[in-house]
Amino acid sequence: MSKEEFIMDLKYGIDPYLPEEIREAGELKIFTQMKNNDKLLHGISIEREDGQPSPVIYVDELYEKYQIGLPMEHVFEEFAETFERAWKESPDIDRLNLSYEAVKEKLTCRIVNLKMNRNRLHEMKYTPVGNGYGMTYHIELGDGKSIPVTRGLAEVQGYDMRLLCREAMKNTQEQHPAVLQHIESVVFNIVIGPEEQNNLLLRDEKLQTDAMYILGTDRKTFGAAALFYPEVKERIAELFQGDYYAIPSSVHEFILIPDEMGISAEALGQMLKEVNEKEVPAEDLLGDKVMKYSREERSLKTMEPEKEKDTERGR
């Protein structure tokens, strides 16, 4: 069964599994939504007769489960359970006060790859930050829910984007401070269990330069933005007392490698390519280019592969 057929079967067969309150609220509709890295997701929602918003439940993962053997009856049951839970927890967005004064303390920012989000960014407000990356802005609603600051929302609410960008960065840095850890410590915590984070950014002595590090935030998600917090790149260079490479591991973190470690940019680029292809979900990809921070120049630059350099030279 194709995905389109699966979604149609789900739409027209789900009614008996849904509570009466939801069934009578309106008509089921199929939606598509562009998510991070222009990944197109398919969902089902209800077009409510009272005009109020309804949660959208994305069904792409359900389709993958169906493809590996999940019976259709179990698909209906899982979808209905998820929809009912989301229905009860969904905030009434139409009744939210989204004026700047009401949302300014809830604003945060996230880092995205501009090229990989070309279509999605047509609808969103963002600020380029260099090396092919940009900051998008979001209103946090709590419980992991958020609203992106779109062009339409900014226009309707009359947001001053200079103020909004500044407030979002301040909030993000204060609420989710940058955390630098040895990569071994991160792996140990995953295997053994979480311990209190040892944030190396708070240390004064030089860090060892024969090790790899993870830079993220205390909330674990969307932590790659930490590299672009004010003064963070400079602080890391002080701790290494030299230059370092920054590898976009995912939207959640960067891997940092001191230049003194002696690994070439080409080798790091190959490592990044392999990890992206095998380990990182498509929606979590941040980039495929290694960057290098120069302590002397106080600048972060993208390292170009030798083949690209040769092409530019006309070889």
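Here is a short tour of the model, stop by stop.

You're looking at a predicted model, where local features need pLDDT of at least 70, side-chain atom pairs count only at pLDDT 80 or more, and totals for chains, interfaces and linings use all residues. Residues are numbered from 1 along each chain as its sequence is written, and side-chain values use heavy atoms, with hydrogens and water left out.

**Stop one: the open sheet.** Select strands 1, 2 and 3: they form an open sheet in the order 1-2-3, with antiparallel pairing. Strands here are DSSP runs of E, at least two residues, and helices are runs of H or I, at least four, numbered from the N terminus; two strands pair if DSSP finds at least two bridges between them. Strand 1 (26-34) and strand 3 (57-58) are at the edges with a single partner strand each, so one side of each has no neighbour in the sheet. Now pick Ile-44 and you'll find Ile-57 of strand 3 opposite.

**Stop two: a helix on top.** Add helix 4 (residues 72-89), which lies across strand 2 and strand 3 at about 60° to strand 2. That angle runs from 0 to 180 degrees between N-to-C directions, using axes fitted to C-alpha atoms, for helices over the stretch in contact (heavy atoms within 4.5 Å).

**Stop three: a hairpin.** Jump to strand 6 (residues 133-142) and strand 7 (residues 145-148), antiparallel and joined by four bridges. His-138 has Pro-148 as its bridge partner. Between the strands sit two residues, and Asp-143 takes a positive phi near 55°.

**Last stop: Tyr-159.** Leaving aside neighbours within four places in sequence, Tyr-159 is in contact with residues including Leu-98, Ile-139 and Leu-164.
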